[in-house]
Amino acid sequence: MTEPAIFSDTFLAFGSHCDVVLPNLEADTAKKIFQQIKAEMEQLESTISRFSLLSDIHELNQAEKGVWMEVPGELWEIITIANDFNQMSQGAFDVSLFPLQSLWVEKETIDENELREARQKCGFDKIELDIDNKRLRFKEEGVELDFGAIEKGYALDLIKPLLIELGAHDAIVSFEEDVVLALGNHPAGTEWPLGIRNQQQPNEFVHVFEVSGQTVYTTGTVYIRDDGEGMKTRKIISPATGLPVQGKRTVSVKADSATMAAFIANIWLILPENDKAIISDQLSNIEILEVEYTEDDVKTKVTIIEKEERL
């Protein structure tokens, strides 16, 4: 029988490398768990990811205006979650922005007519849900759904109970450094230290989360280039204006639910402070790191929301 060691392996899912680290398990056991995680991820990707041209979401996005489409289980689940998040944030979280996002990919400026035309295809008001029969229809031509903002978090929330059931009580599953699930204990300590890199100085950390049984999700208008040399910008579109969010900022969220962490991280880049305060009143057991990069400074703000469960 082989001695327990630290198992590590990687596969591609949702357009990223998914890294799996399983300490304190025998090699054969760890390999079997890894294969089950990979299979679950591949199955989910074939349902909810735009990266797969054979996915259920790709088929749904081809639907014509006014045609009712039945939605399979996992896809329906994430659609209803996205709808709840849209209502909770009063429209700041919107998975129907793909026409706007694709418009901004290659352009720095867009004329008013282009912007108006794209915005006509966006918004949850362009989608009608039939809750009883688990189906939907689009009210306008060209409406498309894209779950890129939460799909990796949703995937980790599905994987989390599976890992525990399979006996992987100590584990790291991460989509590169953007979305990280940490279970149990680090081999050298009680909790996993998950550092958030300084985008201007990648060898430095602006903050370290202590994590056990939770996820840290990071997004922003800037990210570290693949070659590690400096920052690259990312366009985050505001549903309210149809324009990219200004500034060089990142948001990292530690939460019990990876899907919730993804939701908060994305809307925290968009919402004004007053709206953040309103949503904060509905949250519990959340830690939020906001980082702003200027030419000569790095500003950080940490918000910890701890509330007792309501009876």
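Is Cys18 buried or exposed? Cys18 is buried, since its relative accessible area is 0%. With that as a starting point, here is a short tour of this predicted model.

## Cysteines

Cys18 has company in being hidden from the surface: Cys122 also counts as buried, because its relative accessibility is 7% and the cut-off for buried is under 20%. A disulfide is a covalent bond between the sulfur atoms of two cysteines. The structure holds zero disulfides.

## Two helices that cross

Two packed helices are described by the angle between their axes and the distance between the axes. Let us look at one such pair. Helix 1 covers residues 27–48 and helix 6 covers residues 151–165. Their axes come within 10 Å and cross at roughly 145°, and the crossing is right-handed.

Which residues make this meeting? From helix 1 come Ile33, Gln36, Ile37, Glu40, Met41, Leu44 and Ile48. On the side of helix 6, they meet Glu151, Tyr154, Ala155, Leu156, Leu158, Ile159, Leu162 and Leu163. Sorted by character, the residues of this contact are twelve nonpolar, one polar and two charged.

## The nonpolar cores

The largest nonpolar core has 71 residues. Within this core, the members that touch the most others are Leu22, Met41, Leu75, Leu145, Phe147, Leu163 and Val253. Two of these names may look familiar: Met41 belongs to helix 1 and Leu163 to helix 6, and both take part in the helix contact described above. As for where the core residues come from, helix 7 (residues 258–268) supplies the largest share, with eight residues.

Leu22 is a good place to zoom in. Leaving aside residues up to four places away in sequence, Leu22 touches Ala5, Ile6, Phe7, Ala30, Ile33, Phe34, Leu163, Ala168, Asp170 and Ala171. There is also a second, separate core of 13 residues, and its members include Val180, Trp192, Phe209 and Val291.

## Two loop residues with positive phi

Lys134 lies in the loop between strand 4 (127–130) and strand 5 (135–138). Its phi is near 50°, a positive value in a residue other than glycine. With a relative accessible area of 44%, Lys134 is partly exposed.

Glu176 sits in another loop, the one linking strand 6 (171–175) and strand 7 (179–183). Although Glu176 is not a glycine, its phi is positive, at about 50°. Is Glu176 buried or partly exposed? Glu176 counts as partly exposed, because its relative accessibility is 35%.

Technical notes:
Residues are numbered from 1 along each chain as its sequence is written. This is a predicted model: local features need pLDDT of at least 70, side-chain atom pairs count only at pLDDT 80 or more; totals for chains, interfaces and linings use all residues. Side-chain values use heavy atoms; hydrogens and water are left out. Axes are lines fitted to C-alpha atoms, for helices over the stretch in contact, and angles run from 0 to 180 degrees between N-to-C directions. Helices (H or I, at least four residues) and strands (E, at least two) are DSSP runs, numbered from the N terminus. A crossing is left-handed if the near helix is turned anticlockwise from the far one by less than a right angle, and right-handed if clockwise. Contact means heavy atoms within 4.5 Å. Ala, Val, Leu, Ile, Met, Phe, Trp, Tyr, Cys and Pro count as nonpolar, Asp, Glu, Lys and Arg as charged, and the others, Gly among them, as polar. A disulfide is a pair of cysteine sulfur atoms within 2.5 Å. Buried means under 20% relative accessible area, exposed over 50%, partly exposed in between (1.4 Å probe, protein chains only). A nonpolar core is a set of buried Ala, Val, Leu, Ile, Met, Phe, Trp, Tyr and Cys residues joined through side-chain atoms within 4.5 Å.
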